[in-house]
Amino acid sequence: MKRLVAGLKQWHPMRGGAANDLDDWVGILAEFQSGATGMLESSKLASGRNESWRSLDYVELNGSERSCVFITGEWNKLQTGKVGGPGLETITIPEEFWRWPGSPRDPQVGDPLVTFRYDQAWEFVDAIRSQRPCAVTFHDGARAQGVTDAAVKSAESGQWVEVAV
């Protein structure tokens, strides 16, 4: 991300009888180094989409030639459509992509909204054991934190903010 503008909103200062310091809604408009644009939204108040870790996440990518939609509740499916096409069609994601490469987890066992986390932990531990770089690095985490910091700064100022790289 090159720069962003964000809004944050908290409607519930108390949750479960305790003070709540989390935002109930976040919206981010982003511009990327490539010139592409993006919109990210997160809400604790999206009724009907489950709660907490069971909430359904949607990822939608739209390009000039094709669009793709992924929903965590349909973890082995992808909706895709091309320019001039009849709309989105659902395709099955091939089984070799149902788990992290090398992970010993059986993707047919367990709740996919939970078990994919095993692959995240497996990649981290295997990288340590194999003395190799982890696929997701500390630098990636720092960059994600830079986006969060820029979103908070933007919401406070009401202005577009450059994202620290």
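**Figure 1. Gln79 facing Thr90 in a predicted model.** Gln79 sits across from Thr90, a residue of strand 9. Zoom out a little and you have strand 8, covering residues 77–82, paired with strand 9 in the antiparallel sense. Four bridges hold this pairing in the assignment; strands count as paired when DSSP finds at least two bridges between them. Helices (H or I, at least four residues) and strands (E, at least two) are DSSP runs counted from the N terminus. Residue numbers start from 1 in each chain and follow its sequence as written. Since the model is predicted, local features need pLDDT of at least 70 and side-chain atom pairs pLDDT 80 or more, while totals for chains, interfaces and linings use all residues; side-chain values rest on heavy atoms, with hydrogens and water left out.

**Figure 2. The open sheet 6-7-8-9.** Here are the four strands of an open, antiparallel sheet, lined up in the order 6-7-8-9. Strand 6 and strand 9 (89–92) are the edges, each with a pairing partner on one side only. From one strand to the next, the twist averages 25°, using axes fitted to C-alpha atoms and angles from 0 to 180 degrees between N-to-C directions.

**Figure 3. Strand 7 and its two neighbours.** On one flank, strand 6 and strand 7 run antiparallel and share five bridges. Tyr58 has Ile71 of strand 7 as its bridge partner, and a hairpin of three residues links strand 6 to strand 7. On the other flank, four antiparallel bridges connect strand 7 with strand 8. In that pairing, Val69 is matched with Gln79 of strand 8, so to speak the residue from Figure 1 seen from its other partner's view. Five residues lie between strand 7 and strand 8 in their hairpin.

**Figure 4. The two faces of strand 7.** Strand 7 spans residues 66–71 and shows a covered face made of Ser67, Val69 and Ile71. Its uncovered face carries Arg66, Cys68 and Phe70. Two of these residues turn up in other views: Ile71 as the bridge partner of Tyr58, and Phe70 among the residues nearest the centre of the second largest pocket.

**Figure 5. The largest pocket, at about 1,600 Å³.** This pocket encloses about 1,600 Å³ of space. Its lining counts 37 residues, with Leu40, Glu41, Ser42, Ser43 and Tyr58 closest to the centre. A pocket is an open set of points on a 1 Å grid over the protein atoms alone where a 1.4 Å probe fits, with protein on both sides within 12 Å along at least five of seven lines; lining residues have an atom within 4 Å of a point. Points are joined across faces, edges and corners, and the volume is the space filled by probe spheres set on them. Which elements each supply at least two residues of this lining? They are strand 4 (25–31), strand 5 (37–43), strand 6 (58–62) and helix 2 (138–157). Strand 5 gives the most, with seven residues. Sorted by class, the lining has 18 nonpolar, 10 polar and nine charged residues; Ala, Val, Leu, Ile, Met, Phe, Trp, Tyr, Cys and Pro count as nonpolar, Asp, Glu, Lys and Arg as charged, and the others, Gly among them, as polar.

**Figure 6. The second largest pocket, at about 720 Å³.** The second largest pocket has a volume of about 720 Å³. Of the 30 residues lining it, Phe70, Pro112, Phe116, Arg117 and Gln120 are nearest the centre. Helix 1 (residues 112–129) supplies the largest share of the lining, nine residues. The class split is 17 nonpolar, six polar and seven charged.

**Figure 7. Ser130 and Gln131 in the loop between the helices.** Ser130 belongs to the loop that lies between helix 1 and helix 2, and so does Gln131. Ser130 or Gln131: which is exposed, and which partly exposed? Ser130 is partly exposed because its relative accessibility is 40%, whereas Gln131 is exposed, at 76%; buried means under 20%, exposed over 50%, and partly exposed in between (1.4 Å probe, protein chains only). Gln131 also has a positive phi of about 50°, although it is not a glycine. Ser130 and Leu78 are 52 residues apart along the chain, with 33 Å between their C-alpha atoms.

**Figure 8. The whole chain, for orientation.** Two helices and 10 strands make up the elements of the chain, in the pattern β-β-β-β-β-β-β-β-β-α-α-β. Its C-alpha atoms fill a box of roughly 45 × 45 × 35 Å along the principal axes. Of its 165 residues, 19% are buried.
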